[in-house]
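Here are a few short exercises to work through with the model open beside you. Try each one yourself before reading the solution.

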Amino acid sequence: YCVEGPIDSEYLPNCIALAGAGKLKRNSLPFNPEKMTMIFDNEPRNSDICKYMSGCLHNGFRVCIWGKDYPFNDINDAILGGWSTSQIIEHIEKNSEKGLVGIHKLGSWRV
């Protein structure tokens with residue numbers, strides 16, 4: 001897993017933090033997209049987040065597109081809201097897509 005912030009990364013196994021999604025502008029992550037799930041904050045109205053998610057999808061990464069039943073802004077908020085790590089991981093796995101399916105789901109999420 002790859003998340004935006006270092007605090008969120010503490011709650012997921014085998015996870016790294018970008019410490020700011022702005023690093024994705026270069027599209028130079030040294031990871032195999034087939035082995036990564038990109039997890040951004042749950043901010044569908046944030047144009048930068050949506051742009052980063054779209055770029056990751058176009059570069060072959062799986063991206064978590066939060067479900068409507070996820071009322072939190074990020075992973076840390078979910079923990080503070082009483083969700084367990086296993087609940088969060090289950091939600092991430094259920095809501096992660098790549099390719100055209102991910103691009104379509106991203107379009108629906110942004111609305």
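**Exercise 1.** Which residues of helix 2 are buried, and how are they arranged around the axis?

*Solution.* Keep in mind that this is a predicted model. Start by picking out the residues with under 20% relative accessible area. In helix 2, that gives you Ile 49, Cys 50, Tyr 52, Met 53, Cys 56 and Leu 57. Next, look down the axis: these residues cover an arc of only 160°, so they sit on the same side of helix 2. Now turn to the other side of helix 2, where Ser 47 and His 58 are exposed. Finally, ask what the buried side faces. The buried residues of helix 2 pack against strand 3, strand 4, strand 5 (96-97) and helix 5.

**Exercise 2.** Describe helix 2 from end to end, along with what lies at its start and just after it.

*Solution.* Begin with the span: helix 2 has 12 residues, and the distance from its first C-alpha to its last is 16 Å, close to the 16 Å expected at 1.5 Å a residue. Then check the start of helix 2, where Asn 46 brings a side-chain oxygen to within 3.0 Å of the backbone nitrogen of Asp 48. Past the other end comes Gly 60, with a positive phi near 90°.

**Exercise 3.** Find the residues that touch the most other members of the largest nonpolar core, and work out which elements supply this core.

*Solution.* The largest nonpolar core has 30 residues, and Leu 12, Met 38, Ile 39, Ile 75 and Ile 92 touch the most other members. Several elements each supply at least two residues of this core, including strand 1 (2-3), strand 3 (37-39), helix 2 (47-58) and helix 5 (99-110). Helix 2 gives the largest share, 6 residues. To see one member up close, take Leu 12: leaving out residues up to four places away in sequence, Leu 12 touches Tyr 1, Val 3, Ile 39, Ile 75, Ile 88, Ile 89 and Ile 92.

**Exercise 4.** How many disulfides does the whole structure have, and why are Cys 15 and Cys 56 not in one?

*Solution.* A search of the whole structure turns up 0 disulfides. To see why, compare sulfur distances with the 2.5 Å cut-off. For Cys 15, the closest cysteine sulfur is in Cys 2, 7.0 Å away, which is too far for a bond. For Cys 56, the closest is also in Cys 2, at 7.8 Å, again too far for a bond. As a last step, check exposure: Cys 15 is buried, with a relative accessible area of 16%, and Cys 56 is buried too, at 4%.

Terms used. Residues are numbered from 1 along each chain as its sequence is written. This is a predicted model: local features need pLDDT of at least 70, side-chain atom pairs count only at pLDDT 80 or more; totals for chains, interfaces and linings use all residues. Side-chain values use heavy atoms; hydrogens and water are left out. Buried means under 20% relative accessible area, exposed over 50%, partly exposed in between (1.4 Å probe, protein chains only). A nonpolar core is a set of buried Ala, Val, Leu, Ile, Met, Phe, Trp, Tyr and Cys residues joined through side-chain atoms within 4.5 Å. Helices (H or I, at least four residues) and strands (E, at least two) are DSSP runs, numbered from the N terminus. Contact means heavy atoms within 4.5 Å. The expected span of a helix is 1.5 Å times one less than its number of residues. The arc is that of the directions from the helix axis to the C-beta atoms. A polar contact is a pair of N or O atoms within 3.5 Å; within protein, one must be able to donate a hydrogen and the other to accept it, and residues adjacent in sequence count only if both atoms are side-chain atoms.
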